[in-house]
Amino acid sequence: MIQVKFKQLMEIKQAKLVGLIMLVDMEEKRQLIVVTDHPTSMYISATSEAKRHSQARSKFFERSALYAAVSLLPDEMRKLMYVHVDGLFGGQYQAQLIRRNADINEEPHLLRMSEAVLLSIVSDIPMYIDDHLWRIQSTVYKKNSSETSIPMNTLPLDMLKEALRQAIDKEEYETAKLLNDEIHNRFPEE
């Protein structure tokens, strides 16, 4: 497993209702981009900003419902927990909150990836991703770059359709075929 951390939020200029969460490995050599909705990205942004600034922390961070819930867990319990990202299903990463040394019959708690990132920011619970998933989904991290790659298999339908339209307009038929295949594999009714 590769340990990852929240690095920053980005937005797509053409898609105002979409936010991009950037996760990096601990050495900051590779990155993973997670697509999320705009309200969630705004909440992650406010939470991470508040955590960095002690004055804002007391005003926002410590009043959030997530902080309140996490603060009920004893420190010893939090130290035994971690987030594990282990798959990609229907264009969404699958994350689980796992307790180390848990009973074999204990079910892990499933989380949306954006919830996992928020939990990690608020509680300092570490986040890990499977090596194989990291290798196929991550790209090289370029510090101070204003551009990034988003794995096609995580794009929402409207973004896939727009990319398909642009590929056809530019006569990039191989790209158009890949996009069309992705749309039909993930959204067969389209």
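**Exercise 1. Place Ser 123 in the fold, decide whether it is buried or exposed, and find what its side chain reaches.**

Solution. Ser 123 has its place in helix 5, where helices (H or I, at least four residues) and strands (E, at least two) are DSSP runs numbered from the N terminus. The model is a predicted one, in which local features need pLDDT of at least 70 and side-chain atom pairs count only at pLDDT 80 or more, while totals for chains, interfaces and linings use all residues. Residues are numbered from 1 along each chain as its sequence is written, and side-chain values use heavy atoms, with hydrogens and water left out.

Next comes accessibility: buried means under 20% relative accessible area, exposed over 50%, and partly exposed in between (1.4 Å probe, protein chains only). Ser 123 counts as buried because its relative accessibility is 7%. Finally, the side chain of Ser 123 reaches the backbone oxygen of Leu 119 at 2.5 Å and the backbone nitrogen of Ile 125 at 3.2 Å.

**Exercise 2. Describe the largest nonpolar core and say which element gives the largest share of it.**

Solution. A nonpolar core is a set of buried Ala, Val, Leu, Ile, Met, Phe, Trp, Tyr and Cys residues joined through side-chain atoms within 4.5 Å. The largest such core has 25 residues, and those with the most contacts inside it are Leu 23, Val 83, Val 85, Met 113, Val 117 and Met 127. Among the elements that give two or more residues to this core are strand 4 (81-89), helix 5 (113-123) and strand 7 (127-129). The largest share, 6 residues, comes from helix 5. Apart from this core lies another, of 18 residues, including Met 10 and Phe 187.

To look at one member in detail, take Val 83: leaving aside residues up to four places away in sequence, Val 83 touches, among others, Leu 97, Leu 119, Ile 125 and Met 127, contact meaning heavy atoms within 4.5 Å.

**Exercise 3. Find the aromatic pair and classify its geometry.**

Solution. A search of the whole structure finds 1 aromatic pair. Rings of Phe, Tyr and Trp (its six-membered ring) pair if their centres lie within 6.5 Å, planes under 30 degrees apart counting as stacked, over 60 as edge-to-face and the rest as tilted. Tyr 82 and Tyr 128 are 5.8 Å apart centre to centre with 85° between the planes, which makes the pair edge-to-face. The pair links distant parts of the chain, with Tyr 82 in strand 4 and Tyr 128 in strand 7, 46 residues apart. Both Tyr 82 and Tyr 128 are buried.

**Exercise 4. Examine the salt bridges of helix 7 and helix 8, with the accessibility of Arg 165, Asp 169, Asp 181 and Glu 182.**

Solution. A salt bridge is a side-chain nitrogen of Lys or Arg within 4 Å of a carboxyl oxygen of Asp or Glu, and the structure holds 6 of them. In helix 7 (residues 157-169), Arg 165 and Asp 169 lie 4 residues apart, about one turn of the helix, and their side chains meet at 2.7 Å, N to O. Arg 165 is partly exposed at 42% relative accessible area, whereas Asp 169 is exposed at 55%.

In helix 8 (residues 173-186), Lys 177 and Asp 181 are separated by about one helical turn because they are 4 residues apart. Their closest N and O atoms are 2.8 Å apart, and Asp 181 counts as partly exposed at 29%. Glu 182 and Arg 186 of helix 8 are likewise 4 residues apart and meet at 3.1 Å, with Glu 182 buried at 13%.

Key
Polar contact = N/O pair within 3.5 Å; in protein donor to acceptor, adjacent residues only side chain to side chain.
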